[in-house]
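Here are a few exercises to work through with your favourite viewer open. Try each one yourself before reading the solution.

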Amino acid sequence: MSEQKYILFVDDERSVLRSLKRAFIRSGHKLYFADTAELGLEILAAGKGRIDMVLSDMRMPGMDGYDFLKKIKEDYPQVIRLILSGFVEESYVYKALIDGSAKTYLAKPWSTKELIDLVNSLIEIEDKLKAKNLLEIINTVGELPTLPDIYQKIMALIDADADFDKIVAVIENDPAMTAKVLQVANSAFFKSGTASLKRAAVFIGLMALKDIVAGSAVFEALAAPDLGPYSIEVIWEHAVVCNGLVSEMYELIHDEKIPEDVASVGLLHNVGILVMLKYFPDELLQVVDQQKKHPELTQLQLEEEVLGVDHARLGAYLLNWWNMPYPLIEAALFHHDPLAAAPGNQEIIVLLHVADHLTQIEAGAENIKPLDPEIFTRVEIPGRFREQCQILEKENDCE
Ligand SMILES: [Fe+2]
């Protein structure tokens, strides 16, 4: 059980507040309730930064949920912000997710179990990212890198509700980023491929576009020289292939396009390796070396042994620090242990894990362990991919 958290619930409907109270009364957390955003802000101010998490309705008289969460993002950026939304608030929710005012959302009518699971998983992630050994290692890095100007520029345009065309024009001004967006869009969304950024952008939607831009910006911010089997290009290629496979599997399972908010989860799952490449190259080389001597250990176990933390947690930390969307952070944190992810995005993270596994074996990576059979009981992996896993695992003597 994690330590006690301070959670603030804001909803103008008293009946909703009452049911929230019933749901969380035995959670062990300290609970606060407000029936207006204004009162919510007063509670936040009185708590002087002590509130850990805010769950807010969107449509409220007076200050609405969007402006409320946006204000919290500005004044108390460390507070975890979550939307509890109704059916009619889709565009509001979209706006809050896209500019980072909220980390994630749960649509009404939510079940108590769903809500408690989501809150617990957010708290667990928060705790994992605040672990002492992780912070100590991050502290040795000194100043963490900022994302390139083009990303800030695009975020500012999104914040200002700028025209889609304007956003596309800014990306088009940067040939490297344009190439990356097209590459990802073509691998994940189009079979035939398009050379038009505008066409791709319209098709994939603003949220997916923003996440691809974020992915590209993160790779630019963490650029580092090649080292042993690692290079930033190889990691990017791997990420794009995995991302495409996740979309493909999702479409086969559900017979519909992957939702925009999770369409780019594959791009940043190995950001932690980039962090190691840039800031801990000696340790990364030691891990590579140890992999030959200890084939029985996983890469993550060796990283933990050499550096004291693995690339999953390192990557998730940095994505959280950059205020990236929750699904991207979750994907980075759980891509090697997808069954530990909360039910909400678990399917997507399992698909990413399978895509990562397949791509690694195909690239000739050593010491790959076979997939946990439990995975196939939780998610219906399409037959073609299942068979491919079995064949490749056999061919490569994975054990
Ligand atoms: Fe990984």
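The exercises below go from domains to strands, then to one residue and one helix.

This is a predicted model, in which local features need pLDDT of at least 70 and side-chain atom pairs count only at pLDDT 80 or more, while totals for chains, interfaces and linings use all residues. Residues are numbered from 1 along each chain as its sequence is written.

**Exercise 1.** Find the two domains and describe the side of domain 1 that touches domain 2.

*Solution.* Start with the bounds, which come from an automatic or database domain assignment: domain 1 covers 6-130 and domain 2 covers 137-395. Next, take the centres over C-alpha atoms; 28 Å separate them. Then list contacts (C-beta atoms, placed from the backbone, within 7 Å): 13 residues of domain 1 touch 19 residues of domain 2. On the domain 1 side, helix H4 (90-98) and helix H5 (112-129) each supply at least two residues, and H5 gives the most, with 6 residues. Helices (H or I, at least four residues) and strands (E, at least two) are DSSP runs, numbered from the N terminus.

**Exercise 2.** Work out how strand E3 pairs with E1 and with E4.

*Solution.* First take E1 (residues 6-10) and E3 (residues 53-56): they pair in the parallel sense over 4 bridges, where pairing needs at least two DSSP bridges between the strands. Val 10 has Ser 56 in E3 as its bridge partner. Now move to E4 (residues 80-85), which pairs with E3, again parallel, over 4 bridges; here Val 54 is matched with Arg 81. Finally, add helix H3 (residues 65-75): E3, H3 and E4 make a right-handed β-α-β unit, that is, with the strands pointing away from the viewer, the path from the first strand over the helix to the second runs clockwise.

**Exercise 3.** Is Thr 104 buried or exposed?

*Solution.* Locate Thr 104 in strand E5 (residues 104-107). Count its surroundings: 22 other C-beta atoms lie within 10 Å, so Thr 104 is buried (20 or more is buried, 12 or fewer exposed, in between partly exposed, with C-beta atoms placed from the backbone). Leaving aside neighbours within four places in sequence, Thr 104 is in contact with Leu 82 and Tyr 326.

**Exercise 4.** Which residues of helix H15 are buried, and why do they line one face?

*Solution.* In H15 (residues 299-307), the buried ones are Gln 299, Leu 302, Glu 303, Val 306 and Leu 307. Looking down the axis of H15, these buried residues fall within an arc of 105 degrees, so they line one face of the helix; the arc is that of the directions from the helix axis to the C-beta atoms. Their cover includes helices H6 (132-141), H14 (281-293) and H16 (311-321).

Notes
Two residues are in contact if their C-beta atoms, placed from the backbone, lie within 7 Å. Ala, Val, Leu, Ile, Met, Phe, Trp, Tyr, Cys and Pro count as nonpolar, Asp, Glu, Lys and Arg as charged, and the others, Gly among them, as polar.
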